[in-house]
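User: I would like to learn how to read a few local features in a model. Please take them one at a time.

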Amino acid sequence: MGSELIQIIVANQPGLPGAPHSSSGAAGETANFAAWGLVNERITTNGACGAGSRPGPANAEQPSETVATAGTLKTFYIETFGCQMNVHDSEKVQGVLMARGMTPVENHQDADLVLYNTCSIREKAARKVFSRLGVFRKGRSGAPKVIGVLGCVAQQEGERFFERAPQVSLVCGSASYSKLAELLDQLETGKQRVTGLALDTEECFETGMTRRDNPFRAYLTIIEGCDQRCSFCVVPMTRGPERSRPSDKILAEARRLVDQGYTEIQLLGQIVNAWHDPSPARLSFAELLSRVAEVPGIRRVRFTTSHPRYFTSDIVQAIDANPNLCDQIHLPLQSGSTTVLARMLRGYTREEYLEKIHCIRKARRAISLSTDIIVGFCGETGEDFEQTLSLIKEVGYDQVFSFKYSPRPNTLAEGSRDPMAEEEKGRRLTELQELQRQIQVRRNQALLGETFEVLVEGYQARSGQAVGRSTTNRVINFPGSPEDVGRYLTVKVTSAGPNSLVGARAEKGSRV
Ligand code: 5AD
């Protein structure tokens, strides 16, 4: 499983690219994002209008009492928690709402419809939505006409959500988003509570319109759901079975994105490299990468999240052959101990993982590596944990997203009789993060004097600093101007901290 996690994004707020949120402390980078204040609204209309909507009525409850109907919902506000998949789902949901004539607003007080797109990857993430909902006690004046919950917590809690939060009238998981417009119609015409909770879909969520929030990097879904059964992970239960989009649809969307002005595309999937082409073209994942990179006008292609089990050498060959494929790979390890990996049902050993890393390290360009790690999984011994630390040292990642194991409902590991005390998990997490901090200091220091091409994603008037991102996904701050935003510039690294780099312009850039 695994997608990088990002900070909470208020989807209607401009200027918040999907920055990885890491408990390993990339705080400097996320702080920059929040301060950018970019003009970034892009509404895009896709040709494949409504292709994914499924026939048949959505599941809706009959009103149990006579109450006023929601009436026409004119405005909406959506807040997103969790991974990039969620961020992009919200972009598509916004497109659906705008296609039915609704207008996005900047805060929940002005909205007829308030939606929370939720994350349940860990207990802490899942709790967030309930604290947000506390603001809207049932019957309180000023509450929106309709409050809806989307995403993984919605799917996980299902109908129970209405008991825990009676102010909610819509609960819809990601596998049912194609029914969202229909569910809203039902609320407008008098239904009090509606749900979209079916998981047995074979289709992806195709929208006629997508409201992309990031002006530089366009997310493009290639595969939805997850068929892995990693024993710690809730995602297969919340996002439904794996379903790949056909290559022609993906390539058509990539071409449309170029027409709309994007030069950077990020292909998304819970397990992006499990993608297989359901169309007669039968492209492999590596071939798809090359085809997207060859679309005229594309300058950068990223993809996330890869699973080590499906990480094959042809992906590295594709990166070698296409300079537009970014030299950056996120390859979640989870644990450096083969014993723990087996208990996690990850499908690879420590040695097999290291072979993949070796293959990546042999690439022509130095590929930047990041990973996800869970500490304190049930039964993780001191020796197991030492093996994770030694693997981290051996690989030398540029970034590590590390988490304390959090038991999740309906997972195989949920009821394990071998839990670890929170205190010990915390101790291990701190030790791992300190090790990684030292590694990052060393790796970033080694970049002093090097030049990078960056795509400038923001400018901070207060400090006069522009913020750019390299193909290796490194954030570099440098003295710049508002006009730099959206340009590709060459920047030389002048100083380095554990989480970001500082640089200076090395030559004049060209507008994208
Ligand atoms: N507890 C802690 N971390 C988890 N992750 C997934 N499930 C859990 C869990 N139950 C982490 C994994 C994954 C990342 C997105 O979140 O490291 O790759």
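User: Is N410 buried or exposed?

Analyst: The model is predicted. Exposed means over 50% relative accessible area. N410 has 57%, so N410 is exposed. N410 sits in the loop between β16 (399–404) and α14 (422–445). Its phi is positive, about 65°, although N410 is not a glycine.

User: Which other residue has a positive phi although it is not a glycine?

Analyst: N473, with a phi of about 70°. N473 belongs to the loop between β18 (465–470) and β19 (475–479).

User: Is N473 buried or exposed?

Analyst: Buried means under 20% relative accessible area. The value for N473 is 13%, so N473 counts as buried.

User: Now helices. How do I read where the buried residues of α10 fall?

Analyst: An α-helix has 3.6 residues a turn, so residues three or four places apart point the same way. In α10 (313–321), the residues I315, V316, A318 and I319 are buried. Viewed down the helix axis, the buried residues of α10 lie within an arc of 155°, so they line one face of the helix.

User: What do the buried residues of α10 pack against?

Analyst: They pack against two helices, α9 (285–294) and α12 (350–361), and against the strands β13 and β14 (328–330).

User: Which peptide bond is cis?

Analyst: The bond from T304 to T305, with omega near 5°. T305 is in the loop between β13 (300–304) and α10. That loop therefore joins two elements already met: β13 is among the packing partners of the buried residues of α10.

Definitions and conventions
Residues numbered from 1 in each chain as written. Predicted model: local features only at pLDDT ≥ 70, side-chain atom pairs only at ≥ 80, totals over all residues. Heavy atoms only, no water. Helix = DSSP H or I, 4+ residues; strand = E, 2+ residues; numbered from the N terminus. Buried < 20%, exposed > 50% of the residue type's maximum accessible area, 1.4 Å probe, protein only. Arc of directions from axis to C-beta. Contact = heavy atoms within 4.5 Å.
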